[in-house]
Amino acid sequence: MTTTESPARRGLSTLSARVTRPSRRQVLGGALLLAAALACLLAGLSPLLPILLTLLAAVAVRPVPGLGYVLVVLNAPLGLWFVGVEGLVGDAFGGRDYALGLSAAVVAGVLFALTVFRHRWSRRQLAGAAAALLVVAVWSLIGFAHHGVAQTLVGVRLTVLPVLLLVVLCSLTLRQVVPLMTVLAWVLVANAVASVGELIVGPARLVRWGFEENTAVRYIGDTFRVPGLTSFNAELGILAGAYLLGYVALWLTRGARPTRWAWHAGALAGVLCLALSTSRSGALLVAGGVVAAVVLNRSGGAAGRRRARILGLAVVACVAAGFVAVGATGARSLFQRFDVWAQLLGTDLPIWGLGLGGVGAATTSRVTSGPQVFVDNYFVSVALQFGPVLGVALVAAFGYALWRLCRRSAERPTSVLFIALLAGLACSFLVIEAWEYPGAMMCLGVFLAYGRCLDAAGLPDVPAPEPPAGVWVPAAPSDGVPPIVWVAAPRPTGKPPADASPATPPVVSRQAEGPPASDAAPAERPTA
């Protein structure tokens, strides 16, 4: 009797064999790594530097481990700081505490370069890439002239990094995307556990532990806005909203319902994170995307769309109830944003804008040379950086894409997922610079890549109901006319019959009288 070994046990046995019996290449690599560590120690550098560089190089050439590393670094910076990983990496790179976050961008850039060289691209894709590169180059030069090189480069990183991640994610197969979705779900669970712990510990003790006040520890009225493992509460809220939107959109998409229990756990953790962060931006991201997916959905039948509407309204009601429960129902900050937008757009803005990095998160960087400019509206931010013409073009592009996806959803059900993601992103743009939160954008990109894989493979069709099986038989005669009734036949165990049941009973001829001569069918004559 032969027994098959499980993949996990097979992997452990292979790993133990490699550890106990290393190859000549592994021995040589270990010796070189040890020599490099000793050389760095003698040169006054950290001996961990070659080890960390080797690990980063090994991760950067593999899509799934590399994207998993980027996902954790972008969505758990406060947690990595608290456990000492950020300090360890910063010390290895000469005391630069931003080295860990910068390493995620470097890994994403390497993965993007490998993706570009490994895949074949169409002429339309190459033309789009050339146009995007030209726009970035021109408006980078404008930024250099307006606010300096360093601040402009920060703006370039914030603008380009989500695009790089999106290209890499959309090049993956379904087998590669599913582990990333599981990692993303566990990141949400870890953030939920940290949020509950921060709420129990309290903001005063968190400040004593080193949490920065007015950044990691923030209030809305008297309500403590927990940051979880992210840098501050808005980042946690937009991440939770992005995951919840993708999860609910999968339920609204016919044939794409999530089945893994880790994904369900991530959704429950996302609800908790969204409520404790009190982020109205994340709530608007969920509500806007779900409502748009329900309204613009043209796939399935009327009953399926009715169930989708009920589910969408239930999700919106739960989000609203959660914010009422934590006491985050004020709208003063929204009206303050209206005043800020009016002041920014009322200034003497050139038609070509201020250049990349002129407003937004780039103005809060450590290399900032000018005043901090908060916008809290990415459409306005694009109009300020690229000029009002491109700002209007971006709004028109969102509308056109939603219209095309709405028409496409009648034939491709996965378009419902794309509608939810795109509409939720547009709604979040109205109240926050969501594009400058790369962790949340990567979350949306993971769901987009998953939907793209399902769309390429083709979703399974929902089987149509089988016609009833039976036969028409004569019943008891009445007044000389023999009526007939439908008698259901037992369900066959094999292949169902090809012919469906008749919609109306057959015409019963009178037995006493013969058929009229006029009703008799003429004999068929052969044709020449």
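For sorting a lining, I count Ala, Val, Leu, Ile, Met, Phe, Trp, Tyr, Cys and Pro as nonpolar, Asp, Glu, Lys and Arg as charged, and the others, Gly among them, as polar.

**Entry 1: the largest cavity**

I am working on a predicted model. I searched the whole structure for cavities of 30 Å³ or more and got one. The largest cavity holds about 30 Å³ of space. Its lining consists of Arg157, Leu158, Leu161, Pro162, Trp435, Glu436 and Pro438. I sorted these lining residues into five nonpolar, no polar and two charged. Which helix gives the largest share of this lining? I find α9 there, with four residues.

**Entry 2: the second largest pocket**

Next I looked up the second largest pocket. I noted a volume of about 2400 Å³. I count 50 residues in the lining of this pocket, and the closest to its centre are Ala132, Val163, Leu166, Val167 and Trp435. I then asked which elements give two or more residues to the lining. They are α7 (99-118), α8 (123-147), α9 (149-170), α17 (378-386), α18 (388-408), α19 (415-429) and α20 (438-457). By class, the lining of the second largest pocket has 39 nonpolar residues, six polar and five charged. Trp435 turns up twice in my notes: it is in the lining of the largest cavity, and it is among the residues closest to the centre of the second largest pocket.

**Entry 3: the chain as a whole**

I stepped back to the chain. I count 20 helices and four strands. The chain has 528 residues, and buried ones make up 40% of them. I also checked contacts with a separation of 6 or more. Of these, 74% are between residues 24 or more positions apart. The exposed area of the chain is about 30000 Å², and carbon and sulfur atoms supply 65% of that area.

**Entry 4: nonpolar cores**

I looked for the largest nonpolar core and found 103 residues in it. Which members touch the most others? Leu67 and Tyr243 do. Helix α12 (residues 233-252) gives the most to this core, 14 residues. I also logged a second, separate core of seven residues, with Trp341, Leu344, Val359 and Leu384 among them.

I followed Tyr243 further. I set aside its neighbours within four places in sequence. What remains in contact with Tyr243 is Leu184, Ala185, Leu188, Ala262, Trp263, Gly266, Ala267, Cys443 and Phe447.

**Entry 5: Phe374**

Is Phe374 buried or exposed? I find a relative accessible area of 52%, and the cut-off for exposed is over 50%, so Phe374 counts as exposed. Phe374 sits in the loop between α16 (332-346) and α17. Outside its neighbours within four places in sequence, Phe374 is in contact with Val340, Leu344, Thr364 and Glu433. I checked Leu344 again. Phe374 and Leu344 are 30 residues apart along the chain, and their C-alpha atoms are separated by 9.6 Å. Leu344 is also one of the residues of the second, separate core.

**Entry 6: two positive phi values**

I looked at backbone angles next. Most residues other than glycine have a negative phi. Asn214 is not a glycine, yet I read a positive phi of about 70 degrees for it. Thr278, also a residue other than glycine, has a positive phi near 55 degrees.

I placed both. Asn214 lies in the loop between α11 (203-208) and β1 (218-220). Thr278 lies in the loop between α13 (261-277) and α14 (280-295). Are they buried or exposed? Asn214 counts as exposed, at 65% relative accessibility. Thr278 is buried, with a relative accessible area of 1%.

**Entry 7: Ser46 and Arg96**

I ended with two more loop residues. Ser46 is in the loop between α2 (24-42) and α3 (48-60). I get a relative accessible area of 17% for Ser46; buried means under 20%, so Ser46 is buried. Beyond its neighbours within four places in sequence, Ser46 is in contact with Cys40, Asp91 and Ala92.

Arg96 is in the loop between α6 (85-92) and α7. At 42% relative accessibility I list Arg96 as partly exposed. I also looked up its separation from Glu86, which is ten residues away along the chain. The C-alpha atoms of Arg96 and Glu86 are separated by 9.4 Å.

Key
Residues numbered from 1 in each chain as written. Predicted model: local features only at pLDDT ≥ 70, side-chain atom pairs only at ≥ 80, totals over all residues. Heavy atoms only, no water. 1 Å grid on protein atoms, 1.4 Å probe; cavity = no way out; pocket = protein on both sides within 12 Å on 5 of 7 lines; lining within 4 Å. Points joined across faces, edges and corners; volume = space filled by probe spheres on them. Buried < 20%, exposed > 50% of the residue type's maximum accessible area, 1.4 Å probe, protein only. Contact = heavy atoms within 4.5 Å. Areas by Shrake-Rupley, 256 points an atom, 1.4 Å probe, with all protein chains shown as cover. Core = buried A, V, L, I, M, F, W, Y, C linked by side-chain atoms within 4.5 Å.
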